[in-house]
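Look through the sequence and the 3D view before reading on. The report below goes through the fold piece by piece.

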Amino acid sequence: MARLLLILTSAFLALAACTPVPTTGPDGKPLPRVYRIKANDTAKIQFRVLDSVNALRAAAGTNELVLDSKLTAAAATHSRDMSVQNRPWHFGSDGSSPLDRVARSGYEGQLIGENISETYENESETVAAWMATPSTREVILSPRANKMGFSWFQEPNGKIWWTMVTGS
């Protein structure tokens, strides 16, 4: 009898531990899910963003952008530096501005703008958030831009620091 009671108690405790993990927070909004980027996803993500940005630009009647390796290098440097500083802002830990970073990368054109983000969201959600704000939307849709750099740095906890740089 004691053995049966022990088996039933164990089974009850095992089932009690199987409660579903909540997918919404106390405010009713979905809980953030970590978006993990794999090392071999770099080109896919960059071209997916380029395609998205060019579709938005086409809808606005603006010329297409092309990816630029020097602008992308400036974006990658800044994404990592924002993580080191643990704050999303346009100045580097050495006091550098977007203009300084673009010049250091060897880019000879004109900087149009820089968009940054600190998030757990994927690149599509990040571009959508930038489009929802007038100042960052202008960086994406500026008719003066014809080149784009796009990169990120992902921390071990999943937080992503995104940077987009446009130039002409």
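## A tryptophan in a loop

W89 has a relative accessible area of 30%, so W89 is partly exposed: the value falls between the 20% limit for buried and the 50% limit for exposed. The model that gives this value is predicted. W89 sits in the loop between α3 and α4. Leaving aside residues up to four places away in sequence, W89 touches H78, M82 and I116. One of these partners, I116, is 27 residues from W89 along the chain, and the C-alpha atoms of the two are separated by 7.2 Å.

## The chain as a whole

How many helices and strands does the chain have? There are six helices and four strands. In sequence order they follow the pattern α-α-β-α-α-β-α-α-β-β. The chain has 168 residues, and 40% of them are buried. Of the contacts between residues at least 6 apart in sequence, 66% join residues at least 24 apart.

## Two residues of helix α3

Helix α3 covers residues 69–85, and L71 is placed in it. Is L71 buried or exposed? Its relative accessibility is 0%, so L71 counts as buried. Apart from residues up to four places away in sequence, L71 touches V102, Y107, K147, M148, G149, V165, T166 and G167. The C-alpha atom of L71 is also separated by 7.1 Å from that of S105, and these two residues are 34 residues apart along the chain.

S83 is found in helix α3 as well. S83 counts as buried because its relative accessibility is 13%, and the limit for buried is under 20%. With residues up to four places away in sequence not counted, S83 touches F153, E155 and W161.

## Helix α5 and its buried face

Helix α5 runs over residues 123–131, and its buried residues are E123, T126, V127, W130 and M131. Why do these residues line one face of the helix? Seen down the axis of α5, they fall within an arc of 140 degrees, so they line one face. An α-helix has 3.6 residues a turn, so residues three or four places apart point the same way.

The buried residues of α5 pack against two helices, α2 (42–59) and α6 (134–141), and against the strands β2 (111–119), β3 (147–154) and β4 (160–167). At the N-terminal end of α5, N122 acts as a cap: a side-chain oxygen of N122 lies 2.9 Å from the backbone nitrogen of S124.

## How α5 meets α6

Two packed helices are described by the angle between their axes and the distance between the axes. For α5 and α6, the angle is about 110 degrees and the axes are 6 Å apart. That angle makes α5 roughly perpendicular to α6. On the α5 side the contact is made by V127, A129, W130 and M131, and on the α6 side by T136, R137, I140 and L141.

In α6 itself, T136, V139, I140 and L141 are buried. The elements that cover these buried residues include α2, β2, α5 and β4.

## Salt bridges

How many salt bridges does a search of the whole structure find? The search finds five. Three of them are listed here, including the N to O distance of each.

| Acidic residue | Basic residue | N to O distance |
|---|---|---|
| E123 | R48 | 2.8 Å |
| D94 | R104 | 2.9 Å |
| E114 | R101 | 2.9 Å |

The side chains of E123 and R48 meet in a salt bridge. E123 lies in helix α5 and R48 in helix α2, so the pair ties together parts that are 75 residues apart in sequence. E123 counts as buried because its relative accessibility is 3%, whereas R48 is partly exposed, with a relative accessible area of 38%.

D94 and R104 form another salt bridge. D94 lies in the loop between α3 and α4 (98–104), R104 lies in helix α4, and the two are 10 residues apart. R104 is exposed, with a relative accessible area of 56%.

E114 and R101 also meet in a salt bridge. This pair links strand β2, which holds E114, with helix α4, which holds R101, and the two residues are 13 residues apart. Both E114 and R101 are buried.

Definitions and conventions:
Residues numbered from 1 in each chain as written. Predicted model: local features only at pLDDT ≥ 70, side-chain atom pairs only at ≥ 80, totals over all residues. Heavy atoms only, no water. Buried < 20%, exposed > 50% of the residue type's maximum accessible area, 1.4 Å probe, protein only. Contact = heavy atoms within 4.5 Å. Arc of directions from axis to C-beta. Polar contact = N/O pair within 3.5 Å; in protein donor to acceptor, adjacent residues only side chain to side chain. Salt bridge = Lys/Arg side-chain N within 4 Å of Asp/Glu carboxyl O. Axes fitted to C-alpha atoms, helices over the stretch in contact; angles between N-to-C directions. Parallel < 35°, antiparallel > 145°, perpendicular 65-115°, else oblique.
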